[in-house]
Amino acid sequence: MMSYKTLHGLETKWTQAFPPKEKIAEIFSSQETTNCLHYADYDAILVSQNLCAAIGYGGNGINALQLDMVWPNPEDIANAIKVSGKQLEVILQVGKSAIEQAKDNPQEIVSRIRDYAGIIHHVLLDKSMGKGLGMDAVGLMPFAQAISREFPDLGIVAAGGLGPESIGLVEPLVKEFPNISIDAQGRLRPSGSALDPVDWDMAEKYLIEALKLLR
């Protein structure tokens, strides 16, 4: 995880939760995982320049990039990746604000995603955005269906309050999209706050329950 503020050494509530930027390449040294950098900037400040810098801190081990942003300029994203010289899987977060800007309309979402053709590989539908809010899978269904129809090669990802005790929330989407990816954050802590460290016993239980569901 990285944000515009942690990239530039500015104080933020996430300072203790996100790793120092200088440590990310070390974290990504493992060849046994897909190493994904989440870059958050909901104000879209000098996106191409800052994103290129963020990718650089991933070192040689970075494999993927998640854009925790609100409809960033596609040209900025494409340019940053080109300048980095890296081959990255790109995940575009379509969160609460992005959905609101698209007037909660699946066809408007599809229209906006079309601008990212050839740049992104996955779309993350996430109204919780790390806050542990329970997923409304039925409410997300029309968006997932519209994206899947229009862009069958794009991966669908769902997030929102998933944890070891709430993995069942995503079941309707799993039934409709057997190859869906799922994302968990806040509910992997007893407090439910992504500001606290991951509880690895909870993470283990979540993984076991997720594999049962996705099987």
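**Entry 1: a word before looking**

I call a residue buried when its relative accessible area is under 20%, exposed when it is over 50%, and partly exposed in between. I also keep in mind that this is a predicted model.

**Entry 2: strand β6**

I started with β6, which covers residues 155-159. How many of its residues are buried? I found that 5 of its 5 residues are, and I noted the strand as mostly covered.

Next I sorted them by side. In a regular strand the side chains alternate between the two faces of the sheet. On one side of β6 I listed Gly155, Val157 and Ala159, and on the other Ile156 and Ala158. Both faces are covered, as every residue on these two lists is buried.

**Entry 3: the neighbours of β6**

Which strands does β6 pair with? I looked up β5 (residues 122-126) and found 5 bridges joining it to β6, with the two strands running parallel. Here Leu125 stands opposite Ala158 of β6.

Then I turned to β7 (residues 181-183), which is joined to β6 by 3 bridges and also runs parallel to it. I noted Ser181 in β7 as the bridge partner of Val157. To get from β6 to β7, I followed the chain through helix α8 (residues 171-176), and this β-α-β crossover is right-handed.

**Entry 4: the whole sheet**

I stepped back to see the sheet that these strands belong to. It is open and has 7 strands, in the order β1-β2-β3-β4-β5-β6-β7, with parallel pairing. Why do β1 (2-3) and β7 each have a side without a neighbour in the sheet? They stand at the edges with a single partner strand each, so one side of each stays free of a neighbour.

I also checked the pairing of β4 (residues 89-95) with β5, which is parallel and holds 5 bridges. In this pair, Leu92 stands opposite Val123 of β5.

**Entry 5: Asp126**

I picked out Asp126, which lies in strand β5. Is Asp126 buried or exposed? Its relative accessibility is 5%, and the cut-off for buried is under 20%, so Asp126 counts as buried.

I then asked what surrounds this residue. Leaving aside neighbours within four places in sequence, Asp126 is in contact with Gln93, Val94, Gly95, Lys96, Ala159 and Gly160. I had met Ala159 before, among the buried residues of β6.

**Entry 6: two residues with positive phi**

Where does phi turn positive in a residue other than glycine? One such residue is Ala44, with phi near 55°. I found Ala44 in the loop between β2 (36-40) and α3 (47-56). The relative accessible area of Ala44 is 45%, so I wrote it down as partly exposed.

Asp104 is not a glycine and has a positive phi near 55°. This residue lies in the loop between α5 (96-101) and α6 (106-113). Asp104 has a relative accessible area of 45%, so I marked it as partly exposed.

**Entry 7: α6 against α7**

My last stop was the meeting of α6 with helix α7 (residues 137-150). How do they cross? Their axes come within 9 Å and cross at roughly 40°, so I noted the two helices as oblique to each other. The crossing is right-handed.

Which residues make the contact? From α6 I listed Pro106, Gln107, Ile109, Val110 and Ile113. From α7 I listed Pro142, Phe143, Ala146, Ile147, Arg149 and Glu150.

Note on methods. Residues numbered from 1 in each chain as written. Predicted model: local features only at pLDDT ≥ 70, side-chain atom pairs only at ≥ 80, totals over all residues. Heavy atoms only, no water. Buried < 20%, exposed > 50% of the residue type's maximum accessible area, 1.4 Å probe, protein only. Helix = DSSP H or I, 4+ residues; strand = E, 2+ residues; numbered from the N terminus. Pairing = 2+ DSSP bridges. Right-handed = clockwise from strand over helix to strand, strands pointing away. Contact = heavy atoms within 4.5 Å. Axes fitted to C-alpha atoms, helices over the stretch in contact; angles between N-to-C directions. Parallel < 35°, antiparallel > 145°, perpendicular 65-115°, else oblique. Left-handed = near helix turned anticlockwise from the far one by under 90°.
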